[in-house]
Structure formats: C-alpha cells, structure tokens
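Biologist: Can you take me through this one? I'd like the pockets to start with, then whatever else stands out.

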Amino acid sequence: MYSHASESLIKQAREIQVSELQKFYSRLMKMLQGKELGHDTVDSLQRLHLILSAVSKGDLSSLCTQLLRNLESRPSEGPTHSLMHTLPVLNSVLTHSPECLSEGNQMTLVSKKLVDWLRYASVMQGVGTSSGGFFTGPRSRQPVPIAELDGSVSGDFFTVLCVGQGFTEDQWMNVYSFSMLRHWLLTYHSTGSEGGPLHVVTDDRSEVDGSVVSMVSATSSSSRLLPPKERLREKAFQYCQRLIEQSDRKAHKKTDTELQKACLVEAVCILDCVCVEDASLVYRTFPCIKALFGRLSSELSYARVLLPIAQFYLNHGEIAAVDCENVWKVVFGRFPTELFNDPFLAHELLRFLRLNLESIELRVPQYTRYFPNLLKFLAWDSPAMVDDFVDLLPSMVTTGTAVELLHTLLDLPCLSATLVLQHRSTCLPISEPVGRSFVSLDAFRNPSFRGLFLFLLRTEAGDTMDRLSTLHELLVEAADWPRVTQCARTVPVLLHVFFNTIVTIADEKLLAHLILVMLERSSLLLNIPAYIKEIHRVFSCHLLRLCKLHPSLVVNQSHELLEFAGSTANVYSKEELYTHVVWVLGEYLSVSCDSRCSVSLITSCFEALEAVLFEITSSAPPTGKVCPAPKVINTLMSALAKLASRSHDLIPRVSLFLSKLRTVTRSGSVAWCSDEEDLVAIVTRGEELWSLLKAPGVAQSVLTPPPHVIAPQWHRDTNVALPLQLRALTSLTHSQ
C-alpha cells in the first residue's frame, strides 16, 4: 500500500498533460546543462523518474541526449555526485522509450561507461559516508579495503556483494550498472551491428588499485582489443562469475543471504543473455553453471535461483551436449511436490513454462509426464493459477496422456483436499488433540488408505485409479472446504480446454475410450452438487461434439451408451447428460451415418428407451426426486420416433404410446409431471410425432439426417417444439 502522499504524487504524474510535460522536459534540460546539480535539479530528476513509471508520454530523445552528455562529462567538468542521479533516470528513459538511443556513438558511450563502472570501481571503502540501505558494515575513520559478506577482506574487484562502512561514487555506479545490465543487453545487444571502434586497454586499473586478480578475473590480452559491445559482454561475464563465487561465502546476516540469492538470479540471467548473444561463451560458462546447480539443487530455499539455471540449461544444454535430466527432475519433480504452497515459486515456474513452452515441448519431451505434479499448483491455489493452466494444458494433452489426464482433471478437487490434509498433517502432530475431529485427516494417516492418497500425490503419470467411491467417502467433509470448492469451479473450464485440444489430435479409438470415461465418471465425482452438475453439462456438450465429428462412435460404443440410456436412475440423477446420450442415439444410430447399423441394433436401442419412457410416465418419481424435465421426455419420444422411422416395424409401438399419452393427459394432471405448461408441451410434441409417423416415408426423410451434411438440419431438436418444417408437415397430415 502506498502512503497518501505517494498516491497523490502518482495521481499527479498520471494526469499530467503532454504540453505541461514538454515544458517540464525543457526546464529540466536547462538545469542539466548547468555546472552543478542543485536541489531543484535532483528533485526534478526524481519527479521525472516517477512520471516515467506512471506514463510514457512525450518525446524523450532530446532529454536522453542531454543525460548522455552528463554521463560523458569528466569529474572536473561537473559535480562528482551527478552520475548517481543521472544513470537511474537514464535507465528509466531507455526502459520506456528505447528508440531514443541511436545505434552509433550513444550506444558505444554507454557500453564503455558500463564496462568502467562494473570492472574498475574502487576497492577501498568510502570515508565518512554511511552506506545505508542493504550495505552495512562497521564504522572506521580511515579508508580500508572493501570486505566480503563473510567478513574477510576482498581480494578482487568490487561488486554489489561487497560491504563496507561507506561507498564511493564509482562503487554506487557499479551497483546501478549491475541493476540495469540485463535490460541493456536485452534491448541494445540482441540486435544491430557491432558499432564503434576497437577499445584498446593500455592498463588494468585492478592492478593499480592493488586488488589480487583471481582466476575469474584473469583475461588474455586479446580480450582488450574488442568492440565495445563484445567488451561489455566479457566484463559482464567476469562480473557474474565473481558474484557466483561470492555467493558461496557464508553471510553473517540473513538479509545478506537473501541478497546473495537475488544477485545469483540476476547473474545467471545475465550469463544466459551473453551466451545467447555469443555462443562461444557457452563452453566457458557451463562448468560454472553446472557446479552451481550441483551446489544448490538439494536446497529448496534456493528454488528461485534454480529456475534461471533451468532456463540456462534449456537454452544452451543442447549446444554443450549436457545431460539435463537432473535439472528437470528438480524443477518438475521436487518443486511442485514440496513447494506447491509457495505462491512466488508457483508463479515463477508457471511463467517459465509459458514463456518457454515451444522449446520445452521440443527439448524436454518428458515434461508431459509430470502433469500430475504440476497440477498441484492449481489444486492448491486455483483462482491465481487457472489462467496459466488454460494456456499450459494443451501442451500436456497427448494421445499417451489423454485418458489419465481426463481422470486427473476430474479428481482435482480430491487432490486439493489431499494437499490440505498433507499440510495439516505436518502442522498437527498425531498426538495433539484438535478442537474439531477430521475424519479425513485420520484416514490420511491410516495405512489402509495411504495408497489412495499417495496416488493422488504422485509425481509422474503412468496409471489410473480404482476405489474412487471409497476415496470420495473419505473426503466427504472436504466438500465445503474453501480450497476444494474453488478448485471445483475451475475444473469445467479446464475440461473445455482439454476436449477442444483432444479433438485435434485423437483418432476414433481414443475418442471412444474418452466417451467411456465420461459415462463412467459421471457417477464417480466428489459429492459437490454444483460441481457434479457442471461436469455433466460439460460432458453433454462434448459428447455431442464428438459424435457430430465422428458419428460412427455411436455404433462403436452402442453397448455402453445403451446401458447408460437404459438406466431409469440416470433420468433423475444425470438429467443433462442422459438427455444428450438419448439424443445422439436417436440422431446417429442410422445406416446413413454408419453402414454397420443393423435393424437388430436399432430395435435393441428402441426397446431400451421405450422401457425407460414407459416407466417414468407410469408413476410418480422416486422419493426425494423431482419429476423429469419435459426436455427428457420429449427427447425420448423424439428418439423413439427417429428409430421407428428407420425400422417401420417399430412404428405401431411408438404410435400406440403416443396415442395413450394423449388419452391419459385428457383426464387432467399426471403424477410424473407437476407443471401444466410442461405437460402441454409434452403432449404437443407427442401429437406432432404421432401425426408425422402416419406417413412413414415423410417421417424417414425428416427424422433421419443425410450423411456428411454440416449445415443445420430441419429435424434437429434444438428446443421443446419441432422446427417449422415439421409443424407444416403435421398440419398437412391433419388436413388429410
């Protein structure tokens, strides 16, 4: 949260007009041309920094040029503290308007300055000035050498990980330069030519300053004859190597340990940048990166450092012919398993996947194997992670993972509950009594059920699970836990992504298997009523889509579909899915869709649906259940009429039912329909079908879809009443 004063300044910066902004730029340029930077100038520079952070308005090229001139001036030509104010503002200008800097002398100037500040800062502590910020150290009256974080005297050049009682201007410039180095390399070194003359080094100020040149710092004389860009890369390489060496020192303060981690992240990212620019540096860098990974891979507290290391392996492992398997075991294995509840790591890891998805799919084929582990981030914090997984899920869907992945998505609420139990189990000792007894926590600790929970917590794909009903009974109290209900709300979204992806890669055999999974799992879901209803709705939507794309699936899976449609219990417990199963049977069980569709198959389907329709229209619904929706009854009647139109021997049977329906409803209300308007709609549909079946030839042409027609058909039951053409035909039969 910002203070009231800060919010006021930010609001002013956002609301500043372009004309006022240009006047401010002009006034600031005049101030910068002065011999001294007074308080007003420094205040204006700080205000500019705020404005650039809040908006990117106006032309900054002239201001950028003036700031560069200030950088170029020697200490004798201007105030010694001017650079400390100028460089951060210049970095902000270049961040928001990189086009302000031309490709020629200006880039060369900044590159040379960065080299000087990074490599040749003083190695003696400043006098009389407190370091402040994160640089702290004992006070001393006389200048002394800079120290390392472990307290020893530094034997090499100054870096951001050196400490002292005070710091000189060039040491502060070293810190500022390091903070902007990666952005500079990415913005101005990734494109363009190597402009500028060769930079000849006639001396090495590290020797003048008296530091001991380490193995990291030692460079051949040929490195002193490089264009500015390449020389900056070389110095950036040396600087980062030195930081990695310094990070191995035992810091005295916790804040310094965190500083080491932050500097390691930046150092590895910069090394990655310079290796992308110059592949020859890969071979010099990899030994250091490999050693760093070996040192940190067992320390989960360094997870944020290991991600940039993984990025380096991903970008350069193939060039260096390095085995990366251990890296991916840590990133995709240990991280989600042990740090699923770390929001920062979750965000960074998923961001790493999103930014590098194409390379990961190409170079890390085992990535898809870890989807059960990666989904733990989603199961733990669904609202924050769902957008990431909408983007990532298609990459996890393959013909090899599809079936297990579908099961895993449906079990996400169970995984969420299990992660909560795992977290509670570590926080609450077994012997410690708790205010509320958790049956599920006892079950989680019970060896008899341990296998069920361990399966949900598996790291890699490779199997599916039975005894789901037992698991759901154990987790019944978790149905109203916040994390579980939040997770349940995300599953339908991911299922849509899953099915939209699978239809583009799967063959009919796999799609048939997925239909079986949908029918099976419609009864095996964690008991959250709203969740179950949404899953049934998603299944219904994609069952129609799969059968429309591949009508032969209905014949292939006719046994399972008929078994599902022939169960009266499904009418009351799975109304949405049941209605759509009946619809696809009536729509696609036709010889025009599949030549294997025989008369006996049509008859079997007819008899199964007929029995259900007679049962639900002969008595009141079971205790605790509501009357079937008109949509269910209308779909059953329509399916029977369609099947009868393809096997005319069945027409008398369906006509008899429809005529009885008309007779029964004349006597008034019925037990199986409580709403009068609904009953009227059902009777109207029955009369339309009965009238149509009087002309079998017409009925067959209207109710049977022509093969391979994509355009919408008149006979499609998109509402509770038949479309216009069918109504017209009904009127004709009545007039005869």
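Modeller: A term to begin with: a pocket here is an open set of grid points with protein on both sides within 12 Å along at least five of seven lines, and its lining residues have an atom within 4 Å of a point. Bear in mind that this is a predicted model.

Biologist: Fine. What volume does the largest pocket have?

Modeller: The largest pocket comes to about 670 Å³. Its lining is made up of 23 residues, and those nearest the centre are Arg-182, Cys-269, Gln-311, Arg-351 and Leu-355.

Biologist: Which helix gives the most to that lining?

Modeller: That is α10, with 8 residues. Helices supplying at least two residues each are α7 (169-189), α10 (254-277), α12 and α14.

Biologist: And closed spaces? How many cavities of 30 Å³ or more are there?

Modeller: There are 3. The largest cavity has a volume of about 110 Å³. It is lined by 14 residues, with His-407, Thr-408, Asp-411, Phe-455 and Arg-458 closest to its centre.

Biologist: Where does the largest share of that lining come from?

Modeller: From α18, which provides 3 residues. α18, α19 (412-427) and α21 (450-456) each contribute at least two.

Biologist: Back up a bit. What does the chain look like overall, in secondary structure?

Modeller: It has 35 helices and 2 strands. The chain has 736 residues, and 52% of them are buried. Its accessible surface is about 33,300 Å², with carbon and sulfur atoms accounting for 54% of that.

Biologist: What share of the contacts with a separation of 6 or more is between residues 24 or more positions apart?

Modeller: 76%.

Biologist: New topic, α17. How far apart are its end C-alpha atoms?

Modeller: Only 18 Å, for a helix of 15 residues covering 382-396. A straight helix at 1.5 Å a residue would reach 21 Å. There is also a kink of about 45° in α17.

Biologist: Where is the kink centred?

Modeller: On Phe-389, which is one of the buried residues of α17. The others are Ser-382, Met-385, Val-386, Asp-388, Leu-392, Leu-393, Ser-395 and Met-396.

Biologist: Why would positions like that recur along a helix?

Modeller: An α-helix has 3.6 residues a turn, so residues three or four places apart point the same way.

Biologist: What do the buried residues of α17 pack against?

Modeller: Five helices are listed by name: α14 (343-355), α15 (357-363), α16 (371-380), α18 (402-410) and α23 (482-502). Of these, α14 also helps line the largest pocket, and α18 helps line the largest cavity.

Biologist: Any odd backbone angles?

Modeller: Two positive phi values can be mentioned, both in residues other than glycine: near 55° at Ala-321 and near 60° at Arg-467. Most residues other than glycine have a negative phi.

Biologist: Where do Ala-321 and Arg-467 sit?

Modeller: Ala-321 is in the loop between α12 (303-316) and α13 (325-339). Arg-467 is in the loop between α21 and α22 (468-474).

Biologist: Is Ala-321 buried or exposed?

Modeller: Exposed, because its relative accessible area is 69% and the cut-off for exposed is over 50%. Arg-467 has 42%, so it counts as partly exposed.

Biologist: Last one, Ser-655. Why does it count as buried?

Modeller: Because its relative accessibility is 16%, and buried means under 20%. Ser-655 belongs to helix α32, residues 651-666. Leaving aside residues up to four places away in sequence, Ser-655 touches Trp-690 and Leu-693.

Key. Residues numbered from 1 in each chain as written. Predicted model: local features only at pLDDT ≥ 70, side-chain atom pairs only at ≥ 80, totals over all residues. Heavy atoms only, no water. Helix = DSSP H or I, 4+ residues; strand = E, 2+ residues; numbered from the N terminus. Expected span 1.5 Å × (residues − 1). Bend = angle between axes of the 7 residues up to and from the residue. Buried < 20%, exposed > 50% of the residue type's maximum accessible area, 1.4 Å probe, protein only. Contact = heavy atoms within 4.5 Å. Areas by Shrake-Rupley, 256 points an atom, 1.4 Å probe, with all protein chains shown as cover. 1 Å grid on protein atoms, 1.4 Å probe; cavity = no way out; pocket = protein on both sides within 12 Å on 5 of 7 lines; lining within 4 Å. Points joined across faces, edges and corners; volume = space filled by probe spheres on them.
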